[in-house]
Each structure stands twice: as C-alpha cells, then as structure tokens.
Amino acid sequence: MNNLPEVPGLESARVLVVDDNRVNRHLLQALLERGGVTRIEMAEDGNDALARLDAFRPDLILLDLMMPNLDGFEMCRRLRAIPAWKDLPVLVQSSLNRAEDRAKAFAAGATDYVTKPINAVELLARVRIHLQNRALLHDLQCFRERTESELSLARKMQERLMPSPERLAEVEAAAAVGIAAHFAPSSELGGDFWDLRHDTVEPRQGQGQGQGQEQGRTMLYMVDFSGHGVGAALNTFRLHAICQQMDVSGLTPAEFLSTVNRRLCALLPNGQFATMLAGVVEPAENRFVYASAGSTRPMVWAPGDAAPLLGDSAGLPLGLLASAEYEERSLPLPPGGRLFLYSDGAIEIPVGGDVLDEPGLAALVAERMGETDGGRFLDGLLERLRAVGPIDDDLTALLLTRKG
C-alpha cells in the first residue's frame with residue numbers, strides 16, 4: 001500500500017461502511033485507516049445506513065449486498081431516489097461474483113464492484129479514485145455555481161444599460177413617442193444593445209430645419225456586436241461608455257455613427273465589429289431620419305397601411321475602418337405611425353434550406369399591424385417567430401409609436 005500515490009485531502013473524506021458482519025466492518029475500517037481515510041462511520045444494514053446519511057454526509061459508501069432487513073440492492077435503489085445522493089459513489093464489496101449479480105447491482109445504482117475476498121491494494125486504489133472524482137465533481141459544481149452567479153449579475157448589469165420603464169415613460173411624456181422593447185440574449189450574455197436620447201436642440205444651419213427654431217428630438221440607436229457571450233457583452237459596455245461620454249445634441253445620425261465608429265476602431269480587438277442603426281424622430285417633418293452601419297432594414301407604417309415600408313440599411317459595420325462615412329436616409333413617420341427595429345436574430349431563423357430574411361419578417365409584421373398595444377404586438381410577433389424555427393442568436397426588437 002505504500003506505493004499508492006498520495007491523494008490531497010483524503011484525510012477529510014467521509015466513508016460509510018455498510019456490512020452486517022462486525023468482523024468485516026472492522027477489517028474494512030482498518031484498511032481504510034491504513035490508506036489515509038480516518039473519518040469512517042459504520043452501519044449494520046441498509047436501513048441503518050440510510051438513517052445515518054444526513055448526519056454523517058458521506059463522500060463514499062462501501063456496501064455489502066447480502067444483509068438482513070434491507071439488503072444492498074434495495075438500499076441502492078432507495079439511495080438513488082433521494083436527489084441529494086444521486087451522485088454519491090457506491091462501491092459494492094460482495095462475495096456474489098456472477099455477471100447477473102454485478103448487472104443487478106449496477107442497475108440498482110452501484111458505481112463500482114469488487115468481489116470478496118477483498119484485495120486490500122485494489123480496494124484502496126478504487127476508494128481513492130472515487131474520492132478523487134467526488135472531490136473534483138464538488139469543485140466543478142462550486143465553480144459552475146460561482147460562474148452562474150457571476151453571469152447572472154453581469155446579465156442584470158447589461159440589462160440595466162438599456163432604458164428603464166421609468167425613463168421610457170419620461171420620453172413618452174416629453175416627446176409623445178411610446179416605445180415597447182424586447183431583449184433576449186442567446187446565452188447568459190449577448191452582444192445586442194439599444195438606447196435613446198431625448199434632447200431639445202437648436203439645429204445648425206444646413207440641417208434641414210429653420211435656423212434658430214428649437215425642436216424636441218428623440219435619437220434612437222440599436223447595436224449588434226459580432227459574436228456571443230462574454231466577449232460580445234463586454235463590447236456593449238464599451239459602447240455604452242462611449243455613448244454616455246458623447247454630446248449628441250446637434251449631431252446628425254450619420255455624424256453620430258462616424259464618431260462612434262472612430263472611437264470603436266481604437267478599442268475593438270481585431271476581427272470584431274458591430275452593426276448599428278442610429279436615427280432621429282423629426283416630429284415637425286413627420287419623418288424618421290437615420291443612418292446605418294450594416295444594420296437590419298427598419299420598417300415603418302402608418303394607420304391604415306396594409307404592409308410595412310422597408311428602409312435601406314447599407315453601410316460599413318463599425319470597427320472596421322476608422323475613416324468610414326455614413327449616408328443619411330429618411331422614412332415617413334406621421335402621427336400614429338410606427339417604427340420597428342430589430343437585430344438579425346429575427347431574420348436568420350432557418351426556413352427550409354434558407355432563412356426567414358427581412359421580407360419574410362415584414363410579412364409576419366403585417367399580420368399584427370392592427371394590434372394597438374406595443375407590448376402585445378411584440379409578444380405576438382415573437383411567438384410567431386418561435387413557431388417559424390429556433391432563434392439561435394441574440395434578439396432585440398423595438399416598436400416606436402408616435403402618439404401625436
């Protein structure tokens with residue numbers, strides 16, 4: 001036994017020996033102690049063992065099969081029916097050596113099997129392996145729980161980057177625009193992000209509004225970073241910091257995209273990029289003025305329309321070329337009109353050998369254009385999308401409604 005490798009932490013392991021023969025119990029205890037296991041509890045049969053579980057909390061059970069009152073087979077079955085002990089290693093030591101007996105023991109829930117007479121070296125080697133595996137599994141479970149907790153916290157932080165219901169209510173009161181939103185990452189974290197600003201600005205000369213005339217202006221932007229998970233989520237935090245530091249008052253959507261792009265190019269790792277749409281609701285002109293960096297095509301419609309109007313979304317994604325310039329476009333948005341923005345998770349749903357694409361999404365939108373409540377509109381549309389196929393990407397959807 002001296003040639004067995006040392007197992008760190010073996011002295012703290014708990015082993016429950018279950019055998020109706022007192023001599024066998026003490027023999028197994030002596031073998032375990034010589035092998036470095038000192039925390040040992042003994043039980044006379046299956047009932048006695050089950051009664052000791054919660055108080056002793058073993059890391060391994062050494063189990064005899066042929067016992068009075070409750071044998072090892074039935075004890076194993078009852079043990080595995082208890083969720084807290086479904087992964088506890090059970091090492092059977094028995095004089096039954098037929099293949100049928102082994103199969104019956106494994107079917108009842110045994111982890112391993114050695115036959116009597118016991119070979120001390122073999123028994124201790126198997127005990128050590130199972131205790132090692134138990135310790136590794138425990139460490140893995142602790143790591144997973146810690147990781148899940150940290151990811152949950154990170155997701156809550158990411159969700160707080162998006163406008164709160166209170167902020168949306170303030171914008172609705174100030175700008176007469178209502179916004180319903182849906183945000184769902186494909187994993188714990190995602191690369192989608194959206195935000196809005198409402199400012200009272202004095203447009204500069206040449207921006208298409210009367211010089212010196214103040215206008216309320218709502219700027220809305222949506223971003224979809226390449227990739228998924230933690231890396232993509234970190235980029236949403238980078239972008240949020242950039243946008244919070246910027247004075248966007250007076251910037252056109254194209255100027256806004258150009259500024260964000262230059263700053264992102266200096267921050268994003270090579271090979272990473274983002275698509276983005278930024279636009280401004282111009283109430284005096286009844287239009288939505290926007291610029292696109294390779295985003296999805298925005299959709300608008302007015303009361304009574306039969307189908308949405310799709311905008312153009314051509315433009316170089318952010319983070320690829322610092323000198324990129326962006327084109328300004330506009331779509332009609334009269335009082336009562338609606339604007340629908342979405343990330344590409346909504347159009348990349350598999351349909352046969354292809355994907356849903358933007359015209360396919362527009363057809364689904366057209367089915368629900370009569371729904372007046374923005375939240376119900378999005379809920380119904382998302383239910384329809386899930387019926388089309390699996391959504392494997394982050395999915396963000398916004399519905400803006402001009403109130404008057």
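Two strands count as paired if DSSP finds at least two bridges between them. With that in hand, here are some close-ups of this predicted model.

**View 1. The open sheet, with its 5 strands paired in parallel.** Reading across, the order goes S2-S1-S3-S4-S5. Strand S2 (39-43) and strand S5 (112-115) sit at the edges, each pairing on one side only. From one strand to the next, the twist averages 20°.

**View 2. Zooming in on strands S3 and S4, a parallel pair.** S3 covers residues 60-63 and S4 covers residues 90-94, and 3 bridges link them. Pick out Leu63 here: its bridge partner in S4 is Val92.

**View 3. Helix H3 packed on the sheet.** This helix, residues 72-80, touches strand S1 (14-18) along with S3 and S4. The direction of H3 makes about 160° with that of S3.

**View 4. Gln158, a buried residue in helix H5.** The helix itself spans residues 120-161. Gln158 has 0% relative accessibility, and the cut-off for buried is under 20%, so Gln158 counts as buried.

**View 5. What surrounds the side chain of Gln158?** There's a polar contact with the side chain of Thr236, at 3.3 Å. Setting aside neighbours within four places in sequence, Gln158 is also in contact with Phe183, Leu189, Gly190 and Asp192. Ala233 and Phe237 are on that contact list too, as is Thr236.

How values were computed
Residues are numbered from 1 along each chain as its sequence is written. This is a predicted model: local features need pLDDT of at least 70, side-chain atom pairs count only at pLDDT 80 or more; totals for chains, interfaces and linings use all residues. Side-chain values use heavy atoms; hydrogens and water are left out. Helices (H or I, at least four residues) and strands (E, at least two) are DSSP runs, numbered from the N terminus. Axes are lines fitted to C-alpha atoms, for helices over the stretch in contact, and angles run from 0 to 180 degrees between N-to-C directions. Contact means heavy atoms within 4.5 Å. Buried means under 20% relative accessible area, exposed over 50%, partly exposed in between (1.4 Å probe, protein chains only). A polar contact is a pair of N or O atoms within 3.5 Å; within protein, one must be able to donate a hydrogen and the other to accept it, and residues adjacent in sequence count only if both atoms are side-chain atoms.
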